[in-house]
Amino acid sequence: MTTLILDANKRVNDAAESLKRAENRLGTFMDKYPDDFTSPGYVALSAEVATCRAREQQAQQALLELVNQQSNDVSMEVDVSAFDPSSYKPRETKIFPFFDPVVEEYLNLFGDNALLARDNAIKQVNEIVSNRQTEKYKPIICGTSRGMGKTAFMEAIGKQYVKPELKCELIGEALAYGRVLSFDFAGVSVSEAIPSQEEIQAFFTRLMIYFLCSLFHGTLVDGIHFQRISVFSQVRNAHGKPGRFGRWLDNCLQLSADDMMDEYIRLTNIAFGVKSNAPPVFLLDEVQGLCLSTAIQSKFDNNQVVNHTYLSYLLTQLAGKHKPVCICTGTNSGNIMDVTEKSRIFPQFIFLTSLHLEEDYKTFWIQRTAFKNTDPQKIVQATKNDEDIINALVYASYQVPRLLLLAHEAWFEFRRSSSSTDLVRPLQDFEEKAVEYYSEMTSFIFNSDLETNEIPHILMSCGVHWKVSNVNSCVPGTKILWSSLIQKAIVFPYLDHCYVIPFSLLWAAKTPNDRKSGDYTRTKEGIKAKCASLIPNLDIENLFVSYDELRRLDLYNLGLRYESLLASSLAVKYYLCRFENNHQAFLPLLSIYDIDRKDTATKKSLSNISVDMSSGIHLPAQECFVNSPDVPLAVIHNQKSHNAHHDILLPAKTSSETNQLFLLPVSCKASFDLSPKETIRIQLKTSKQDGAPPVRLLLWMYLGNNRNEGKYAGDVVFLDGSGCCNGLALDMFILLKKLNSQNNKSRNDNSEAAEIH
C-alpha cells in the first residue's frame, strides 16, 4: 500500500472517530433533555454531528477514488521498464537539445583533444567551481565577440572534453548522473522562455522538469512513468495530466529552484542507483538577450535604487543552498556585467582569445579536415604545396575561430575541386564568406552614423598594442564604448586585453557606390586621408599586415615593411596616449611602449625617458642622424635613405635634463638572430664615421628573444615590438621568417643530398 493510500485511510479513520465523539455528545444531551429539539445546545450539537458525518463521507470517497486511480496507474505502467543507467552515454550521444548538433558531433569525435587554446580559461572555471561555496553565489559569465567559440567552449566544459589534468570532478560527477542542463536564449527567444518578469523565478524549475522528462522518457523512476515534453514553452502548461506523472508535474511546478534541485538530485540518485550530492550544472547561451530591465530592486547605488536585469535576477535564483555551477555565454555587452554589487550574486568573468599559437591553428586545420572528410571517394588532404595557401587563409582569418572555420571551408572546397596552388581563388572565396557572415563590419564602417573622426580612432586603437582593461570604457578620442564594438562583432580579442579589427576584410569589401550624401569620408581613401590629417604622414595600412603581401617582398623591402610597422605603431600609440594624459606633449616612453612587469632591467633603462612625437611621422628626404639639427618633434623614419645608419629616431629628453632634447635611435631588424657584435658596435655610434661619438642609448627592435642579450645592458635595450605593435602583425612576420628559414634549410639539404648522389 502506497504512502498516499495510507494517508487517505488515516483521514477516513480520523473522520469516523470525530463523528463517533460528536454522536456521543448529542446522545448524552438527549438523555438529559429528551423533549428539547429547539434549544441552542441541541442545534449546535446536531450541526456538529452533520458536519462530521459529511467529512467522513468525503474522506471515504477520496480514499475510494485514490485506490481506483492508483489501480489504473499500475495497469497503465505495468509494461513500462525502469530506467536503465547503462543507456545513458553522455560523451557519446547528444545531450544538448538546444544547441547546434554539429558542434556536439565535432566534440564527440575529437573528445579531450577537441578544445584548443583554452587551457587558461578552463583553469579559471575550475578555480571558480572549487571556491563556489562562498557567501555570494558566483555564476561564470563568458562574454566576448561573436564567433570566438563561446558555445563550443561551454559544451566542452559540460561534457568534460578537456585535457585529463584540467578535468573538474564536480562537473564530471554531474555529467555522469544526467545533471548537466543547457539552454539557448537565441534558439528559444527570451519572450518565449520567460514571458514576463514574474516568471523569472520559475525558469530553472521548468528547465529541470524539461530535462528530467527528456532523460527518463518512456521509463519508470520512483514509480513515475516519465513522458517527454517536446517544446520547452509547454512545460509551464503541463499541469493536469493523468496519473502519478501528472501529479508529479503539478507538485514540481510549484517548487522553487532550490527545492527542484533537491528533487532532481533525488530522482537521478534513484535512477542511477547512487548517493551523489553533486548539484546540477547549468549552461546558458546567448544571455545578452536577458539584459532587460525589471521593476525588481537589487541594490542602492549612491542613494538611488537600482533594479535587476532579467539576467541578474535569474542568476539570483541559484544563490541558495546548492550554489550550482552555472556558465553563461553571450556577446559582450556592458549590460551583462550590471547589477552585481550588494546583490546575492558576484559574477566571475572569463574571456576567450583567438587561436594565436601556430600549434593550435594547425591542429584545428587537421581536425577540421578530418571532420569534413565524410566522403571516402573524395578524401581531401593538405600537402606541402598547400602551405602558402593555408598560411595566407589563417592570417586572413585573424585566427578568430569563426573566421578560421570559414577559411578552412574555402580551402576545403577549393582543394576538393582543384589541385592548383594559386592563392587568389581561395582567398577571394574566404573574403566573400567572411564579409557575408560579418556583414555588420562593412556597414558599420562605411554606412553607419559614426562621426568621421571616430572611424580612424577605432582603426588606430585596434592597429596597435592598446590594452582595454574595461569594455565599458571608450575608444580613445571618441564616445564609442568598446562593448558596443564587441557586441556588433566589429572587433575581436587577441592577447593582453587587446582587440583586433579584421582590417583586410574591411578593405577587401567594396565601398558602397550609392552614398546618398556623397560623403568622401566614407570611402577608404577618405578614411586614409582623415588618419593622415590626425597623424601627419600616417598610412593607416602600415599598421595592418597581410601574409599575402609579406610573402611577395624581398629581404630589403621586408625589412622596410617592418620599419614602417614599428614607426607607425609608435606614432599612433603616442597619439592615443595623449588622450589619457591631458594632451601633454612629452610622455614617458614606458606609457607608450608596454613592458612586461617582470622585465625590471628594461623598465629601469627606460624609466627616465620621455618622448614628444606630436608632429606625427617625418620622412626626411636626406638621412637624419642623432646629431642632426632642427628636426621636427615626430617619429623620424629614414625610409627614403637606403642603408640608413639608424632606421628610426625619437625626440626625447630625460627626467634629469628636462630642457635638453636629444634623438633616441632605433635600429629595426626583421630577424630572429642578433646581429654580429661589430654591427651593434657601429650602431652604438652617432654615425658610421670613424671616431663618431657614442649614442646615449640604442633601442634595438627585432623578432628575437630580448632576454638573451644581458652583455649589452646599459648601452642597448632589446625589444621585440610587442609593446607598441598589434600582436597579429608581429606574428605574421614571425611566421614568414620561420617558413623562409625552414624552406632555405630544406633547399640546402636537398642540394647536399644531390651532390652526394
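**Close-up views of a predicted model**

**View 1. Helix 8 passes helix 9 in a right-handed crossing.** The model is predicted. Helix 8 covers residues 203-215, and helix 9 covers residues 243-252. Their axes lie 10 Å apart and meet at an angle of about 155°. Angles over 145 degrees count as roughly antiparallel, so helix 8 is roughly antiparallel to helix 9.

**View 2. Side by side: the residues that join helix 8 to helix 9.** Helix 8 contributes Thr 205, Ile 209, Leu 212 and Cys 213. Helix 9 contributes Phe 245, Trp 248, Leu 249 and Cys 252. Seven of these contact residues are nonpolar and one is polar. None is charged.

**View 3. Phe 29 and Tyr 33 form a tilted aromatic pair.** The structure holds 36 aromatic pairs. In this one, the ring centres of Phe 29 and Tyr 33 are 5.1 Å apart. Their planes stand at 50°, so the pair counts as tilted. The two residues fall into separate exposure classes. Phe 29 has a relative accessible area of 15% and is buried. Tyr 33 reaches 37% and is partly exposed.

**View 4. Trp 365 and Trp 411 pair across distant parts of the chain.** Trp 365 sits in helix 12, residues 358-372. Trp 411 sits in helix 14, residues 401-417. The two are 46 residues apart. Their rings lie 5.7 Å centre to centre, with 55° between the planes. This aromatic pair is tilted. Trp 365 is buried, at 5% relative accessible area. Trp 411 is also buried, at 0%.

**View 5. Ring pairs link a cluster of Phe and Tyr residues.** Its members are Phe 98, Phe 183, Phe 185, Phe 203, Phe 204, Tyr 210, Phe 211, Phe 232 and Phe 282. Phe 204 reappears in the next view, where Gln 317 touches it.

**View 6. Gln 317 is buried in a loop.** The loop runs between helix 11 (310-316) and strand 8 (325-331). The relative accessible area of Gln 317 is 17%. Buried means under 20%, so Gln 317 falls in that class. Leaving out residues up to four places away in sequence, Gln 317 touches Ile 200, Gln 201, Phe 204 and Ala 257. One of these, Phe 204, also belongs to the ring cluster of View 5.

Technical notes
Residues are numbered from 1 along each chain as its sequence is written. This is a predicted model: local features need pLDDT of at least 70, side-chain atom pairs count only at pLDDT 80 or more; totals for chains, interfaces and linings use all residues. Side-chain values use heavy atoms; hydrogens and water are left out. Axes are lines fitted to C-alpha atoms, for helices over the stretch in contact, and angles run from 0 to 180 degrees between N-to-C directions. Helices (H or I, at least four residues) and strands (E, at least two) are DSSP runs, numbered from the N terminus. Angles under 35 degrees count as roughly parallel, over 145 as roughly antiparallel, 65 to 115 as roughly perpendicular and the rest as oblique. A crossing is left-handed if the near helix is turned anticlockwise from the far one by less than a right angle, and right-handed if clockwise. Contact means heavy atoms within 4.5 Å. Ala, Val, Leu, Ile, Met, Phe, Trp, Tyr, Cys and Pro count as nonpolar, Asp, Glu, Lys and Arg as charged, and the others, Gly among them, as polar. Rings of Phe, Tyr and Trp (its six-membered ring) pair if their centres lie within 6.5 Å; planes under 30 degrees apart count as stacked, over 60 as edge-to-face and the rest as tilted. Buried means under 20% relative accessible area, exposed over 50%, partly exposed in between (1.4 Å probe, protein chains only).
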